[in-house]
Amino acid sequence: MQPYNPEAALADLKREMGEYGGVNPSVSTSAMYAVTNPEILSEIFKGIKGPEKGGRYLYTRHTNPTVDVLSRSLSAMEGTEAARCTASGMAAISCTLLQLCKTGDHIVASRTVYGGTYALLSQIMPEMGICSTFVDPTDITAVAAAITHKTRLIYVETVGNPTLKIADITALAKMAQRRGIKLVVDNTFSPMVVSPALLGADVVVYSMTKFISGGGDIIAGAICSSKDFIETLADLRCGRTVLLGPTLDATVAFKLIQRLPHLAMRMREHGRRALAMARKLEALGVAVTYPGLATHPQHRVIDRIRNKGYGYGGMLTIDCGTTEMANALMDILQNRETFGHIAVSLGYYDTLMSCSGSSTSSEIAPADQAKMGLSPGLVRFSIGLTGALENRLKQLERAVMAAGLIS
């Protein structure tokens, strides 16, 4: 397979102009759309006509012109036939899983997933009769052993949150195909860096709130997949993104359209800075984890599946051992060194840091945190773009020394 260049794929997409010739697409804020005659309305509801079938738009919860522009851009970036936008990343995950599964079905899921996803899989979906088995995503044998005749899909994150374990998408996709089930991949940590659909994943989901947005001011999600699956999600009678109502606002979609052209540059810089910091921390003897380091357990995997030229992502972790040590480090970094912000989320242009076990993974019981390899003192860093890198490296070194992580 030829190396994929998501940046070029976005650039090759025909630029969609505004309705009056504007260089930017128009923002359509209408909640509903009129038709030229009554017959067309009934044909739209029957699925005979629509925006791509000689008809018109109907209702923004179903489709919207501005949101559709964003969807086409995302599918180009991911190398999928189509995409569907949602109001949040969790909406993208929930709608995907509920479209693919019904009562009595089973999911094999990565043990190292975002806390909200873990709660959905372990608490909410069992109430609907859909159960999950959690396994180490790096152990292909364990994944295979967990599959039963009721299993409908494998669910993983490309880069696990927060442990940064790397899922071998290629191997998992081959297994899923052999067993006749779907592979769903959350690629939130690694847009541009990895293209899961081109490695065999059936569905790719995103929280666009994170790196795709980059501004910390938007909540949005996306589902990228085959045309058939996206059309099923948008079906007026059974489509989960229509009937559950996670509608992305057109003005939010417009903001995201404006940010996609510089996503590649941002991801390169996030990765450049994160690698420099990880190397510095490793040289100092700090317990740092970063996919770009040769010491990362799945470094060879990420090197094999990534798109060259985009780095290894902007996420790294430091294991401080205890929550108290983690809090001390973050306090110094924010309040003494102005290195970044103690805050959840990621992909922001400033560095964000949080102690995962007591924050974004707190939905996971301590015993299960231990199983997934999450230390109570693990600090997750989303490395930002601001400040001179040389100064940031000095701030980081002073902070780990002051916190007692090195002598």
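The legends below describe an overview and several close-up views of one predicted model.

Residues are numbered from 1 along each chain as its sequence is written, and side-chain values use heavy atoms, with hydrogens and water left out. In this predicted model, local features need pLDDT of at least 70 and side-chain atom pairs count only at pLDDT 80 or more, while totals for chains, interfaces and linings use all residues.

**Figure 1. Overview of the chain, with 15 helices and 12 strands.** Helices (H or I, at least four residues) and strands (E, at least two) are DSSP runs, numbered from the N terminus. The radius of gyration is 22 Å, close to the 22 Å that the globule rule gives for 407 residues, so the chain is as compact as a globular protein of that length. That radius is taken over C-alpha atoms, and the globule rule is 2.2 Å times the number of residues to the power 0.38. Along the principal axes, the C-alpha atoms fill a box of roughly 75 × 50 × 40 Å. Of the 407 residues, 54% are buried; buried means under 20% relative accessible area, exposed over 50%, and partly exposed in between (1.4 Å probe, protein chains only). Among contacts with a separation of 6 or more, 72% involve residues 24 or more positions apart, where contact means heavy atoms within 4.5 Å.

**Figure 2. Aromatic pair Tyr33 and Tyr57.** The search of the whole structure finds three aromatic pairs. The pair of Tyr33 and Tyr57 is tilted, at 5.7 Å centre to centre and 45° between the planes. Rings of Phe, Tyr and Trp (its six-membered ring) pair if their centres lie within 6.5 Å; planes under 30 degrees apart count as stacked, over 60 as edge-to-face and the rest as tilted. Tyr33 lies in the loop between α1 (6-12) and α2 (38-45), and Tyr57 in the loop between α2 and α3 (65-78), so the pair ties together parts that are 24 residues apart in sequence. Tyr33 and Tyr57 are buried.

**Figure 3. Aromatic pair Tyr348 and Tyr349.** The ring centres are 4.2 Å apart and the planes stand at 35°, so this pair is tilted. Tyr349 is partly exposed, with 39% relative accessibility.

**Figure 4. Surroundings of Thr96 in helix α4 (residues 89-100).** Thr96 has a relative accessible area of 0% and is buried. Outside its neighbours within four places in sequence, Thr96 is in contact with Val184, Val203, Val205, Ile223 and Phe229.

**Figure 5. Cis peptide bond between Asn161 and Pro162.** Omega of this bond is about 5°. Pro162 is in the loop between β4 (151-157) and α7 (169-179). Most residues other than glycine have a negative phi, and most peptide bonds are trans.

**Figure 6. Positive phi at Thr338 and Ser345.** Phi of Thr338, which is not a glycine, is near 50°. Thr338 is placed in the loop between α13 (323-336) and β10 (341-342), and is exposed at 54% relative accessibility. Ser345, also not a glycine, has phi of about 75°. The loop between β10 and β11 (352-355) holds Ser345, which is partly exposed with a relative accessible area of 23%.

**Figure 7. Contacts of Phe254 in helix α10 (residues 250-259).** Apart from neighbours within four places in sequence, Phe254 is in contact with Asn24, Pro25, Val27 and Thr66. Phe254 and Phe211, 43 residues apart in sequence, have their C-alpha atoms 16 Å apart.

**Figure 8. Ser132 in strand β3 (residues 131-135).** Ser132 is buried, at 19% relative accessibility. Not counting residues up to four places away in sequence, Ser132 touches His106, Ile107 and Leu121. A distance of 19 Å separates the C-alpha atoms of Ser132 and Ala201, which are 69 residues apart along the chain.

**Figure 9. Ile406 in the segment after α15 (389-402).** Ile406 counts as buried at 14% relative accessibility. The contacts of Ile406, leaving out residues up to four places away in sequence, are Leu284, Gly285, Val286, Val400 and Met401. Ile406 and Gly285 are 121 residues apart in sequence, and their C-alpha atoms are 7.0 Å apart in space.
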